[in-house]
Every structure is written in C-alpha cells, then in structure tokens.
Amino acid sequence: MSSDRITERVQKVEPSGIRRMFELVASMKDPINLSIGQADFDVPESVKEAAIQAIRDGFNRYTVTQGIPELNDRIAQHYRETYDFRIESSLVTSGVSGGLLLAMLVLVDPGDEVLIPDPYFVMYKHLVHLTGGVPKFYDTYPSFRVTRELLESQITDRTKVMLINSPSNPTGAVFTAPELQVIAEIAREHDITVISDEIYESFAYGARYRSMCQHLADAVVLGGFSKTYGMPGWRVGWAVGPKDILEAMRKLQQFSFVCAPSMAQRACVAAMDVDMSEYIDAYRQKRNLVFDSLKENYSIVRPDGSFYLFPELPPGLDEKAFIDQAIRKDVLLVPGSACSRRATHFRLSFAAPNDVLKRGLDVLNGIAVQAASS
Ligand code: PMP
C-alpha cells in the first residue's frame, strides 16, 4: 500500500529511537533493562482500591471535560501547599502527553518557533512538527545548564514558546531558582509563553524543588501521576496556568481526548494523599549507587532529579559500537541520539531493582575499562 495517503505532518515523525529497545526486550531471555522510562514500583494498594471502588460504584461514564472537581481542587491545593502558588486555572489531561499536545496545538501556529533544550524528551520535537511549528534547539552540553546567552542565541521574531523540562529526561538536571528566574525574565521581555513539563517534580534529590510557577505566574505548568505513583497506564496528568490558554485547551480536549479516564481520576484524588517519600528516598539511593559506581569510568554530570543519568560514551567507542556491545551483554540503554542532535552520550534509567542495576553497572564498567585499554 502506498504511503502517499499519510499526511506530510505525520510522515515527518520518525519512529522513536527507543522502540528498538522495546522490540529487543521481547526477544531476550533475561535482559538487564536500563532503558525504561517508568518507575519500577507499582501503584500503592490504597490507590488501586480507590480505582476498583470507583468502577464498582458505577463511576464509568464521561466526566466533565476539565476533570472532576475533587481532583482539580486537590491539584490547586498541591500548588498552594507545595509552592505557595494560587493557580488561576487547571485542566485534568490524559497524561502529560495529552497536556503537551493540547498546549502545543493551542499555542503554536505554522511557522512559529519553539525553543527546546538539547538533550530533550523525545516527544517534544515531534509535537512541534505536528503543529507546523519549528523546533529551535539550544545545546546545553556538557553541563546541561540553561543560561541567558544560550536562550537569547536562538530567539527570533517568530519565537512563540519555550518548552522546559525540570527535572529533565534524559539528563536529570534540575533548574535552580536563578535559572528559572532567567527563563521568566526572557519570557516577559520577548513575550514568549513558557510550557514547563514538571512530570518528575517528586523525583528531586537535592535542595527543595522549585516550580516554574514560582517565577512566572503566566507559565503553563504540566504535572502528572504516571511517574510519581507508578501508574503510567492510567493516563492522568494536569495542566495549570492562565485562564485563556487553559480554556482553549479544555475546548480542544472536548473534541479530542474528551476526558481523562474516570476511575483513574477518582483514584488520583486518593493518590495525592499518599506519602511517596519512602519511594523517592529509595530512588535517591539508586541515583547514588549508579553515579558512585560509574563516575570513575565515565564522564557524567550527577543528576539532581528524575531517574536517568546521561553519561558520555567511553572514548574510542561510537554510539552504535557502544550500544551494540551493551546489548551483546544483555544490557539495554537508550542511545543519546534518540534524545539529542548529538550522538555522544547515552541514557541510563535507574528505575530498576538494585540487583538488576548492579549487574548492569558491572557490564558498563567492564566496557569502559576495556575501551580505555584498547
Ligand atoms: N514528559 C516527560 C519528560 C516524560 O519523561 C514523560 C514520560 N516518559 C512524559 C512527559 C509523558 O508522561 P505521561 O505518561 O504523563 O503522558
């Protein structure tokens, strides 16, 4: 069948560089899978019970487009209590992915430019292409920090949106207050809307995490349940931000996603009262374990958040040679080029049991030592 019938906008979307790993996992007997983008813990029992109860209670119909009032109230409470921020408006979305798509469709016209830090979450550039917008990358290597100079080097008359992601997938970088301040100032000076993907806000291991909303009340902030509560399949997230943008997103949601899953919305109200600090502490330990084990043999910036490290490839090995060597030893990783215009690094997810991590670390250290000696 000819693919001429597929729209240009979709033809432009290349398959994910991570997909190869999914296919490999299925064919391997005992993979050491460090390519995973979801937490390795399951949904807390009380939250499962709340979802089951909602189904039994017949809470299986469409909800209002904006999401059930109890969940919107709980989200508003989260911003008040955690960030001392009174939200103007909120929308419950079908995951952060749903929120990202709606925000892009609402804010980006064909030809508009969207600033994206490189490395980036794989989905961003494709979403920009779908809207007919133009992704403009700024290179944050090797520190993965953002500066005024970097941002200003890419700003033109067409810059409409700055997309930021802290804690970051894939680098683990967490923006500091001065960095968020710079982003906020530039947004105001150039009349640019900031979309801040804060899906990993719970996974911050250093000083108190700061949200973009604390620096720029006009930002569109996206948050979610997938990572924090181990429920990526439940498809719930949220957007908070200015009324005009959120109202446009709500209108579009009505004619696309309709609403986030009803029973999951109800369970998410319960989830927000569950203390996940034990899980987060365990992830801090995993971060320490992986970073301390690899730092002698790899050049790595210690991640302050999310559950990824983004080390440099060992000298003398190109991306394909390195990834293939790892695969031959049953270790699955994400090639850096899947989330960057460069092919100099790789993404390692530490969302895995410690015994799996340790086996993976032995393999990775072995590869680096061998590369150094040849
Ligand atoms: N943003 C980032 C940075 C992510 O890593 C992910 C999931 N991998 C998403 C958004 C999408 O999450 P959700 O399950 O809420 O759609």
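Domain 1 and domain 2 meet over a shared face: 35 residues of domain 1 are in contact with 37 residues of domain 2. Contact here means heavy atoms within 4.5 Å. The model is predicted. According to the domain assignment, domain 1 is built from two segments, 3–43 and 276–373. Domain 2 covers 45–271. Taken over C-alpha atoms, the centres of the two domains are 24 Å apart.

Now turn to the area of this interface. The size of an interface is often given as the accessible area lost when the parts come together. Between domain 1 and domain 2, about 3,300 Å² is buried. Carbon and sulfur atoms give 59% of that area. On the domain 1 side, Val43, Asp304 and Arg341 lose the most area to domain 2. Together these three residues account for 21% of what that side buries.

Arg341 also takes part in a salt bridge. Its side chain meets that of Asp118, with an N to O distance of 2.9 Å. Between the two domains, the count is three salt bridges. Polar contacts cross the interface as well, in 17 residue pairs, with both residues at pLDDT 80 or more.

Which elements of domain 1 each supply at least two residues to the side that touches domain 2? They are helix 1 (8–11), helix 11 (277–294) and strand 9 (308–309). Helix 11 gives the most, with four residues. By class, the domain 1 side of the interface has 18 nonpolar residues, seven polar residues and ten charged residues.

Conventions: Residues are numbered from 1 along each chain as its sequence is written. This is a predicted model: local features need pLDDT of at least 70, side-chain atom pairs count only at pLDDT 80 or more; totals for chains, interfaces and linings use all residues. Side-chain values use heavy atoms; hydrogens and water are left out. Domain bounds come from an automatic or database domain assignment. Buried area is the accessible area (1.4 Å probe) that two parts lose on being put together, summed over both. A salt bridge is a side-chain nitrogen of Lys or Arg within 4 Å of a carboxyl oxygen of Asp or Glu. A polar contact is a pair of N or O atoms within 3.5 Å; within protein, one must be able to donate a hydrogen and the other to accept it, and residues adjacent in sequence count only if both atoms are side-chain atoms. Ala, Val, Leu, Ile, Met, Phe, Trp, Tyr, Cys and Pro count as nonpolar, Asp, Glu, Lys and Arg as charged, and the others, Gly among them, as polar.
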